[in-house]
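Q: I'd like to learn how to read a structure like this one. Could you walk me through a few features?

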Amino acid sequence: MIGAAVLVVIAVVVGVVLFAGGGDDSSDGGGGSTATPGADTNVTLEAGEVTADSAGPPVTVSQDIADGVIDTIGDYLQVATVAPLRSGEPAGDLAPVVDGAALAPVSGVDRPALVDEGLPKVSTDLDVVAQPVAITGLGDQEGNLVALTATINVDITAAAEGKAKPLHIVRTGYFVLSPDAAGAWKVSAYKMGVTRDGGTLDATTTTAAATPAAPK
């Protein structure tokens with residue numbers, strides 16, 4: 001349904017399985033087993049309103065494209081947040097979801113705003129809750145769908161062993177996605193802010209980043 005709310009809860013199962021039950025939960029971030037028995041990894045991710053604007057003839061965002069955007073964001077959350085928090089190791093390769101122009105700052109100066117690494121390993125329950133992702137298609141003067149924007153509003157919590165206050169990470173902003181040579185929609189620009197507190201952090205930290213191509 002284009003132009004109206006699309007409330008389809010999508011289980012994020014890209015590359016690894018994110019378990020929502022108890023028992024032998026694990027997530028492969030390159031460091032083997034990462035959670036203690038009984039620890040859950042719960043990821044909530046769904047599409048919100050899907051709309052489109054155009055500088056020329058009207059454009060639409062198909063259900064397949066909207067689903068692909070959610071899959072890309074699911075991949076991002078897995079690599080940038082779930083895997084490093086579970087393993088306590090650096091995040092993996094973001095090239096499958098970020099294109100060449102944006103990959104350099106994501107891998108460099110903007111990394112602290114986009115990746116949750118350098119934190120102690122989370123071996124307790126990990127909750128990653130994203131608000132419904134609003135997707136807007138952008139058309140050119142010929143009526144071609146050339147870009148998409150997708151809102152990011154993610155609340156991450158995990159109990160910290162031996163600490164009264166849980167680890168709390170809030171990341172808000174948006175991605176701009178463009179098709180690569182193969183037609184896959186990848187992040188080509190972004191505006192993102194993140195706040196981290198609790199757990200083993202001594203103080204609240206806030207970091208922001210944006211690419212020059214990100215709309216104001």
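Q: Happy to start with the pocket. How many nonpolar, polar and charged residues does the lining of the largest pocket have, by class?
A: Keep in mind that this is a predicted model. Sorting a lining by class is a good opening step. Here the lining of the largest pocket holds seven nonpolar, four polar and two charged residues.

Q: Which residues lie nearest the centre of the largest pocket?
A: Pro120, Lys121, Val122, Ala160 and Glu161 lie nearest the centre, out of 13 lining residues. The volume of this pocket is about 160 Å³.

Q: Now the strands. Which strands does β6 pair with, and in what sense?
A: To read a strand, look at its partners on either hand. Strand β5 (residues 145–158) pairs with β6 in the antiparallel sense over eleven bridges. Strand β7 (residues 185–197) also runs antiparallel to β6, joined by twelve bridges. β6 and β7 make a hairpin with five residues between them, and Gly183 in the turn has a positive phi of about 90°.

Q: Is Arg171 buried or exposed?
A: The cut-off for buried is under 20% relative accessible area, so Arg171, at 1%, counts as buried. Arg171 sits in β6 (residues 167–179), with Val154 as a bridge partner and Val194 of β7 standing opposite.

Q: What does the side chain of Arg171 reach?
A: The side chain of Arg171 reaches the backbone oxygen of Ala113, at 3.0 Å.

Q: And how far apart are Val82 and Asn42, in sequence and in space?
A: It helps to compare both kinds of distance. Val82, in helix α1 (residues 63–87), is 40 residues from Asn42 in sequence and 9.7 Å from Asn42 in space, C-alpha to C-alpha. Val82 counts as buried too, at 1% relative accessibility.

Note on methods:
Residues are numbered from 1 along each chain as its sequence is written. This is a predicted model: local features need pLDDT of at least 70, side-chain atom pairs count only at pLDDT 80 or more; totals for chains, interfaces and linings use all residues. Side-chain values use heavy atoms; hydrogens and water are left out. Helices (H or I, at least four residues) and strands (E, at least two) are DSSP runs, numbered from the N terminus. Buried means under 20% relative accessible area, exposed over 50%, partly exposed in between (1.4 Å probe, protein chains only). A polar contact is a pair of N or O atoms within 3.5 Å; within protein, one must be able to donate a hydrogen and the other to accept it, and residues adjacent in sequence count only if both atoms are side-chain atoms. On a 1 Å grid over the protein atoms alone, a cavity is a set of points where a 1.4 Å probe fits but cannot get out, and a pocket is an open set with protein on both sides within 12 Å along at least five of seven lines; lining residues have an atom within 4 Å of a point. Grid points are joined across faces, edges and corners, and a volume is the space filled by probe spheres set on the points. Ala, Val, Leu, Ile, Met, Phe, Trp, Tyr, Cys and Pro count as nonpolar, Asp, Glu, Lys and Arg as charged, and the others, Gly among them, as polar. Two strands pair if DSSP finds at least two bridges between them.
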